Amino acid sequence: MSWFFDSNEGELRKLRKIVARVNQLEPETAACSDIELAQMTTRFRERLAKGETLDQLLPEIFAAVREVAKRTLKQRHFDVQLMGGLALHKGHVAEMKTGEGKTLVASLALYANALAGKGAHLVTTNDYLAKTGAGWMAPIYHALGMSVAYIAHEKSAIYDPAVELEAVDPRHRHWRDVTRREAYQADITYGQNSEFGFDYLRDNMVMDLADQVQRGLYYGIVDEADSILIDEARTPLIISSPAEDASETYYTFARVAGQLQPDQDYVVEEKFHAVNLTEEGIARSEKLLRVKNLYEGDVTAVHYLDNAVKARALYHKDKEYVVKDGEVVIVDEFTGRMMPGRRWSDGLHQAVEAKEGLKIQRETRTFATITIQNYFRMYSKLGGMTGTAATEAEELFKVYKLEVTQIPTNRPMVRLDNPDLVYKTEQGKWDAVVQEVKERSEKGQPVLIGTTSVEKSERLSDELRRHGLKHEVLNAKNHEREALIIADAGQRGAITLSTNMAGRGVDILLGEGVVGLGGLHVIGTERHEARRIDNQLRGRSGRQGDPGSSRFYSSLEDELIRIFASERVAGLMARLGFDDSAPIESGMVTGAITQAQIKVEGRNFDIRKRALEFDDVLNNQRNQIYNDRRKILEKGNVRETVLDFLHDEAENMVDAEAPSPDPEEWDLQKLVAALGPMLNRPDLDAATFSEVRNQDELRERVAEVVDETYEAREKELGEELARVVERWVLLRTIDTHWVEHLTEMEELRE
């Protein structure tokens, strides 16, 4: 890694030189009036049009953004924030520690790149952050004469200071609802990653250009880049529609799976997130289903059974999903947030619904799909920012050609990260966590506790309640109160219990007198399978030079240790000797856990790589199909294209039914049977071609029939309607074949 730090230092030296030029311009920019600053955008655009480059204007652009931020938000970009903005402008991932003001940093590069007039996108992990980030930075863009919008699930709005909405958070007050297309027409658009991806897919399914909402993918900044570009990259974005209803079948198989015994009838391989039926399990299932042999003839029953067993053994309520308003809602394992609208494919979601006894949504058929990787690789220029990217620098470069630049902190970091404490049992661990929370909160020090799932957060909440410790819970079930809970998490004596939600894009400000008590103390109750997620949680404390501390608690029963490191850790512990009342605090044990995390990270990288390799094949085909569709939409008049297709098809029919020069050997009945339905001409018969003497004449006569039929149909419909129908038929045909191809590819992947 030494080369990484050397090259990073070299990169920072270059950035510092540009920052020095921005600082020189500060007095001059400060002398500008508000009106002069509001005209900056027009002036910069004029200079770009005359041939000056963005890089030449950069110091002036950054100086203008900094000055406006001072006036509107009373926040002045620090030098390190200017460096972060420059890294983003260069198309790098800027690694900046928590609390270093990444939201403010992005405003610099977004404004600079939006000057090209092609749109600039800020991509976040959820709708809340998109709306909040856009509303927070909007006064800067507005004062410089630029428009800003945000897109969310079934919602899009543009910043308008004249609008006054009732909202607790001032950043949510000035939004005017607009169409999706208008939101993308804004100079700068904030939004959640999958919303951008789904809009791209939907744009390539429209029947009219006017229905497309995006306008090309020019410049994008991905906030929490590691979460979006790496963690979420395992799940492709899929647009689907309902296929045939098979509710009863799912309920039947859910009942069968419910009667199978773990270990005896099926074996769970947690390491590979897989479950396999044993011979006994197959025999018992056949008996319950009253079938002789599941694997004979139509094997769809096997697929239903596999899904039902998977749903029972691998997918747990309040961990992988929650039940809300009678629906199964997936919980993102990395952020702890609910993902409404997202469904597991291939019948798995239905199997989980059947297990929970809920109404089953119909199975789906894929209409369009793309991986996160291939969507973001389409941007002309892409940057990213996160608190934790160095561990994934290799993958970010390999997949996205993104370099990581580590930006120094504004003030030195003084947080104390204590070594892990490892207990024998999970209960022993919970008792110790409760004890530490009690001691810290009695002192008045605020505590943030991170858990890995809704289920675990609720269990620990019960423990805290039993000990009379008043606390707030933040998980996928009550994310609406997120801002209010986070605002108080740094106050004196506050106890906040959270899933991974608090680990991302959330700033916890310290209350009065808390600095003297040691700042915010972070407790991790389990190591996550990615080291970055642990670092994100730690990073909630010790922001901007504040004091703070952190400690992770683990037990031999934790998922990560049990599945990936049990023998090694148990062996070490046996040698070191311990029981539940005396945990082990050893560098060797912490090292063994970190090794397990590295092992899992490597495995997850392989999964993402496979998904990407598979999608790369599809990607070439997808680009071709989408380009063909776009040409049809842009062309408007596709009469000749449709006629060419009809002539080609008719010629193929002649070649098939009249391959010989001898008319005696032609099968005119078969030719008519094929041609009639294609042209919708039931009146055609063999007599139509009886005068023909050779193959060339037959081809000509068939071509004439095609043209005559087409012209008659045109007259019937009228010129204008005929053009619409042609376009519709052509697009429909492409779409139908593409959907069939996607279905076959899905089956192939399975």
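**View 1. Two salt bridges cross the interface of domain 2 and domain 3.** This is a predicted model, and we start where these two domains meet. One salt bridge to look for pairs arginine 562 with glutamate 270, and the closest N and O atoms there are 2.3 Å apart. Polar contacts show up here too: four residue pairs are counted between domain 2 and domain 3. As for what sort of residues domain 2 brings to the side that touches domain 3, there are seven charged, four nonpolar and two polar ones.

**View 2. Domain 2 and domain 3 bury about 1,500 Å² between them.** To get your bearings, the domain assignment puts domain 2 at 246-362 and domain 3 at 416-585. Domain 1 comes in two stretches, 1-237 and 373-406, and domain 4 covers 636-717. Back at the interface, 13 residues of domain 2 are in contact with 19 residues of domain 3. Carbon and sulfur atoms account for 51% of the buried area. Which three residues of domain 2 supply more of its buried area against domain 3 than any other three? They are Asp318, Phe334 and Arg337, with 35% of what domain 2 buries there.

**View 3. Glutamine 214 sits in a loop, between helix H9 (193-203) and strand E7 (219-223).** Is glutamine 214 buried or exposed? It counts as buried, because its relative accessibility is 12%, under the 20% cut-off. Its side chain makes a polar contact with the side chain of tyrosine 184 at 3.3 Å. The side chain of glutamine 214 also reaches the backbone oxygen of phenylalanine 196, at 2.9 Å. Setting aside neighbours within four places in sequence, the residues in contact with glutamine 214 are Tyr184, Phe196, Asp199, Tyr200, Asp203 and Tyr375.

**View 4. Aspartate 417 and arginine 538 meet in a salt bridge through their side chains.** Side chains of opposite charge can pair when their charged atoms come close. For this pair the N to O distance is 3.9 Å. Aspartate 417 belongs to strand E16 (residues 416-417) and arginine 538 to helix H20 (residues 531-538), so the bridge ties together parts that are 121 residues apart in sequence. Aspartate 417 is partly exposed, with a relative accessible area of 36%, whereas arginine 538 is buried at 13%.

**View 5. Glutamate 526 and lysine 456 form another side-chain salt bridge, at 3.3 Å from N to O.** Look for glutamate 526 in the loop between strand E21 (520-524) and H20, and for lysine 456 in helix H18 (residues 454-466); the pair therefore ties together parts 70 residues apart in sequence. Glutamate 526 counts as buried, at 8% relative accessibility. Lysine 456 is buried as well, with a relative accessible area of 16%.

**View 6. Aspartate 735 and arginine 629 meet in a salt bridge between two helices.** Their side chains come to 2.9 Å, N to O. Aspartate 735 is in helix H27 (residues 719-749) and arginine 629 in helix H23 (residues 587-635), which makes this a link between distant parts of the chain, 106 residues apart. How buried are the partners? Aspartate 735 has a relative accessibility of 13% and counts as buried; arginine 629 is buried with just 1%.

**View 7. Eight residues are joined into one network by salt bridges that share partners.** The members are Glu26, Asp34, Arg66, Glu67, Lys70, Arg71, Arg76 and Asp79. The count of salt bridges comes to 57.

How values were computed:
Residues are numbered from 1 along each chain as its sequence is written. This is a predicted model: local features need pLDDT of at least 70, side-chain atom pairs count only at pLDDT 80 or more; totals for chains, interfaces and linings use all residues. Side-chain values use heavy atoms; hydrogens and water are left out. Domain bounds come from an automatic or database domain assignment. Contact means heavy atoms within 4.5 Å. Buried area is the accessible area (1.4 Å probe) that two parts lose on being put together, summed over both. A salt bridge is a side-chain nitrogen of Lys or Arg within 4 Å of a carboxyl oxygen of Asp or Glu. A polar contact is a pair of N or O atoms within 3.5 Å; within protein, one must be able to donate a hydrogen and the other to accept it, and residues adjacent in sequence count only if both atoms are side-chain atoms. Ala, Val, Leu, Ile, Met, Phe, Trp, Tyr, Cys and Pro count as nonpolar, Asp, Glu, Lys and Arg as charged, and the others, Gly among them, as polar. Helices (H or I, at least four residues) and strands (E, at least two) are DSSP runs, numbered from the N terminus. Buried means under 20% relative accessible area, exposed over 50%, partly exposed in between (1.4 Å probe, protein chains only).
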